[in-house]
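Hello,

Here is the structure I promised to pass on to you. Have a look at it first, and then read on for what turned up in it.

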Amino acid sequence: MDLDEDDYEEITMVMQLDGVLDTSVVRENVQSGQCTVRRAGTAHPVVQMGKSLYSAEWVQTMGTDLILKSNEQHQLELVSVSGVRMNAEKALASAPPKDAADPEAPKEKERKS
């Protein structure tokens with residue numbers, strides 16, 4: 001099924017980010033719109049938070065998550081509810097060692113003596 005770029009579904013969810021995190025940087029990235037969920041329609045989406053990538057998976061909730069915020073009187077207010085949750089773990093990317101053979105590269109022909 002091909003989706004038009006105007007086709008989307010808005011959901012409220014809880015996302016747990018694991019890995020090396022700086023909460024102030026995460027907050028800034030979310031507030032400035034630098035948080036993107038890629039491949040959201042798959043079992044293993046990828047979350048981009050600023051310049052960091054997180055490998056994620058959808059998890060089933062055991063009930064409903066309540067999304068709350070503190071108001072000016074320091075009381076909790078209900079913002080939303082969600083039955084959707086995602087766990088994401090920081091993905092560490094590294095280049096293969098220079099001496100590692102590329103499995104896709106053609107094999108050298110053996111020399112005959």
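**What turned up**

In this predicted model, residues 24 or more positions apart account for 48% of the contacts in the protein with a separation of 6 or more. The secondary structure comes to one helix and five strands, and from the N terminus on the order is β-α-β-β-β-β. Of the 113 residues in the protein, buried ones make up 15%.

Let me begin with the inside. The largest nonpolar core has eight residues: Leu17, Val26, Val47, Met49, Tyr54, Ala56, Met86 and Ala88. Three strands each supply at least two residues of this core, namely β3 (46-49), β4 (52-70) and β5 (76-90).

Met49 is a good residue to click on in your viewer. Met49 belongs to strand β3, and it counts as buried because its relative accessibility is 4%, where the cut-off is under 20%. Which residues does Met49 touch, not counting those up to four places away in sequence? They are Leu17, Val26, Asn29, Val30, Gln34, Cys35 and Tyr54. With Asn29, the C-alpha to C-alpha distance is 6.4 Å, although the two are 20 residues apart in sequence.

Val26, another member of the core, is in contact with Leu17, Leu21 and Met49 once its neighbours within four places in sequence are left aside.

Both Val26 and Met49 come up again in the largest pocket, where they lie nearest the centre together with Met13, Met15 and Val30. This pocket holds about 540 Å³ of space, and 13 residues line it. Helix α1 gives the largest share of the lining, five residues. Two elements, β1 (14-18) and α1 (23-31), each supply at least two residues of the lining. By character, the lining divides into nine nonpolar residues, three polar and one charged.

Next, the charged side chains. How many salt bridges does the count come to? The count comes to one, and it is formed by the side chains of Asp65 and Arg85, at 2.4 Å from N to O. Asp65 lies in strand β4 and Arg85 in strand β5, so the pair ties together parts that are 20 residues apart in sequence. The partners differ in how far they are covered: Asp65 counts as buried because its relative accessibility is 14%, while Arg85, at 28%, counts as partly exposed.

Finally, two spots in the backbone deserve a look. Most residues other than glycine have a negative phi. Arg39 has a positive phi, near 55°, and is not a glycine. Arg39 sits in the loop between β2 (35-38) and β3. Its relative accessible area is 53%, so Arg39 is exposed; the cut-off for that is over 50%.

His74 also has a positive phi, of about 60°, although it is not a glycine. You will find His74 in the loop between β4 and β5. Is His74 buried or exposed? At 69% relative accessibility, it counts as exposed.

If you open the model with just one residue in mind, try Met49: it is part of the largest nonpolar core and is also among the residues nearest the centre of the largest pocket.

Best wishes

Definitions and conventions:
Residues are numbered from 1 along each chain as its sequence is written. This is a predicted model: local features need pLDDT of at least 70, side-chain atom pairs count only at pLDDT 80 or more; totals for chains, interfaces and linings use all residues. Side-chain values use heavy atoms; hydrogens and water are left out. A nonpolar core is a set of buried Ala, Val, Leu, Ile, Met, Phe, Trp, Tyr and Cys residues joined through side-chain atoms within 4.5 Å. Buried means under 20% relative accessible area, exposed over 50%, partly exposed in between (1.4 Å probe, protein chains only). Helices (H or I, at least four residues) and strands (E, at least two) are DSSP runs, numbered from the N terminus. Contact means heavy atoms within 4.5 Å. On a 1 Å grid over the protein atoms alone, a cavity is a set of points where a 1.4 Å probe fits but cannot get out, and a pocket is an open set with protein on both sides within 12 Å along at least five of seven lines; lining residues have an atom within 4 Å of a point. Grid points are joined across faces, edges and corners, and a volume is the space filled by probe spheres set on the points. Ala, Val, Leu, Ile, Met, Phe, Trp, Tyr, Cys and Pro count as nonpolar, Asp, Glu, Lys and Arg as charged, and the others, Gly among them, as polar. A salt bridge is a side-chain nitrogen of Lys or Arg within 4 Å of a carboxyl oxygen of Asp or Glu.
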